[in-house]
Amino acid sequence: MRRIESEDDIAAGLAALADLDPRLAAVIARAGPVPLRRRPPGFEGLARIIVAQQISVSAATAIWTRFAALVDPLDPARLLAATAEDLRGAGLSAPKVRTLRAISEAIVAGAVDLEQVAGYAPEEAHRVMTAISGVGPWTADIFLLFCAGHPDIWPGGDLALQHAVRIAFDLEARPAEKPCRAIAEVWAPWRGVAARLFWAYYAAVKEGRDTLPA
């Protein structure tokens, strides 16, 4: 399976998407550069996803800086050595603290090896990751996209993607997760590049707002 590892992979995916769905030519033209945004397939990459979830880019950057200073070196054992109060003091919400601790406990116990998970098929990766308390399908999708470089992941539950699809195709309403996934089926096996494209498109129509989730 080809991984999305470079700007050349993004370019190849965009060319393939334009052939698969002629409607995307206008989306590609409006989106401008489509970021690769890869992260290592390990604890740090997943922790960054958790920390940044549902907050602004500037807030995520500030919290991550404090978090990384507290958990240094940045590994599961060091995180478990920090108290919940210390982690909350870095700016993390209580649910994010619980999720990060659950991930750390699973790794330390040997129940999960994130580098191995990055090589799994999406269904198996989802099964392993969502077995960890606090890790849902969206988090698993974002890990597979940006940490594993999977070429064919479409996080249909992502609100920015749903809004981008609505605007791009002039839909009356924002598609919910299931219809959003159905719309994206035609873009297989390049849905991972399509997701990056629609995030970039949404940022363009929203005048530069950074909408990528990792």
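These legends describe close-up views of a predicted model.

**Figure 1. The whole protein chain is built from helices, with 13 helices and 0 strands.** From the N terminus on, the elements run α-α-α-α-α-α-α-α-α-α-α-α-α. The radius of gyration is 17 Å, close to the 17 Å that the globule rule gives for 214 residues, so the chain is as compact as a globular protein of that length. Along its principal axes, the C-alpha trace spans about 55 × 35 × 30 Å. Of the 214 residues, 46% count as buried. Among contacts with a separation of 6 or more, 67% come from residues 24 or more positions apart.

**Figure 2. The surface of the protein chain exposes about 9900 Å².** Carbon and sulfur atoms supply 53% of that area. The chain carries 23 positive and 25 negative charges. The mean positions of these two sets are 5 Å apart.

**Figure 3. Helix α7 covers residues 94-108.** The helix has 15 residues. From its first C-alpha to its last it reaches 21 Å, close to the 21 Å expected at 1.5 Å a residue. Its buried residues are Lys-96, Val-97, Thr-99, Leu-100, Ala-102, Ile-103, Ser-104 and Ala-106. An α-helix has 3.6 residues a turn, so residues three or four places apart point the same way. The buried residues of α7 pack against four helices: α3 (43-52), α4 (57-70), α5 (76-81) and α6 (84-89). Just after α7 comes Gly-110, with a positive phi of about 80°.

**Figure 4. Asp-9 sits in helix α1, residues 7-20.** This residue is buried, because its relative accessible area of 9% is under the 20% cut-off. Which residues does Asp-9 touch, not counting those up to four places away in sequence? They are Arg-2, Arg-3, Ile-4, Trp-190 and Val-193.

**Figure 5. Gly-32 lies in the loop between α2 (24-31) and α3.** Gly-32 is partly exposed, with a relative accessible area of 33%. Arg-2 is 30 residues away from Gly-32 along the chain. The C-alpha atoms of Gly-32 and Arg-2 are separated by 24 Å.

**Figure 6. A cis peptide bond joins Asp-72 and Pro-73.** Omega for this bond is about 10°. Pro-73 is in the loop between α4 and α5.

**Figure 7. A cis peptide bond joins Ala-188 and Pro-189.** Here omega is about 5°. Pro-189 belongs to the loop between α12 (177-184) and α13 (191-205).

**Figure 8. Gln-54 has a positive phi although it is not a glycine.** The angle is about 65°. Gln-54 is found in the loop between α3 and α4. Is Gln-54 buried or exposed? Its relative accessibility is 77%. Gln-54 therefore counts as exposed, since the cut-off for exposed is over 50%.

**Figure 9. Asp-170 is a residue other than glycine with a positive phi.** Its phi is near 55°. Asp-170 is placed in the loop between α11 (159-168) and α12. At 69% relative accessibility, Asp-170 counts as exposed.

Notes: Residues are numbered from 1 along each chain as its sequence is written. This is a predicted model: local features need pLDDT of at least 70, side-chain atom pairs count only at pLDDT 80 or more; totals for chains, interfaces and linings use all residues. Side-chain values use heavy atoms; hydrogens and water are left out. Helices (H or I, at least four residues) and strands (E, at least two) are DSSP runs, numbered from the N terminus. The expected span of a helix is 1.5 Å times one less than its number of residues. Buried means under 20% relative accessible area, exposed over 50%, partly exposed in between (1.4 Å probe, protein chains only). Contact means heavy atoms within 4.5 Å. The radius of gyration is taken over C-alpha atoms; the globule rule is 2.2 Å times the number of residues to the power 0.38. Accessible areas come from the Shrake-Rupley method with a 1.4 Å probe; for residues, only the protein chains shown count as cover. Lys and Arg count as positive and Asp and Glu as negative; His and the chain ends are not counted. The place of a charge is taken as NZ of Lys, CZ of Arg, CG of Asp or CD of Glu.
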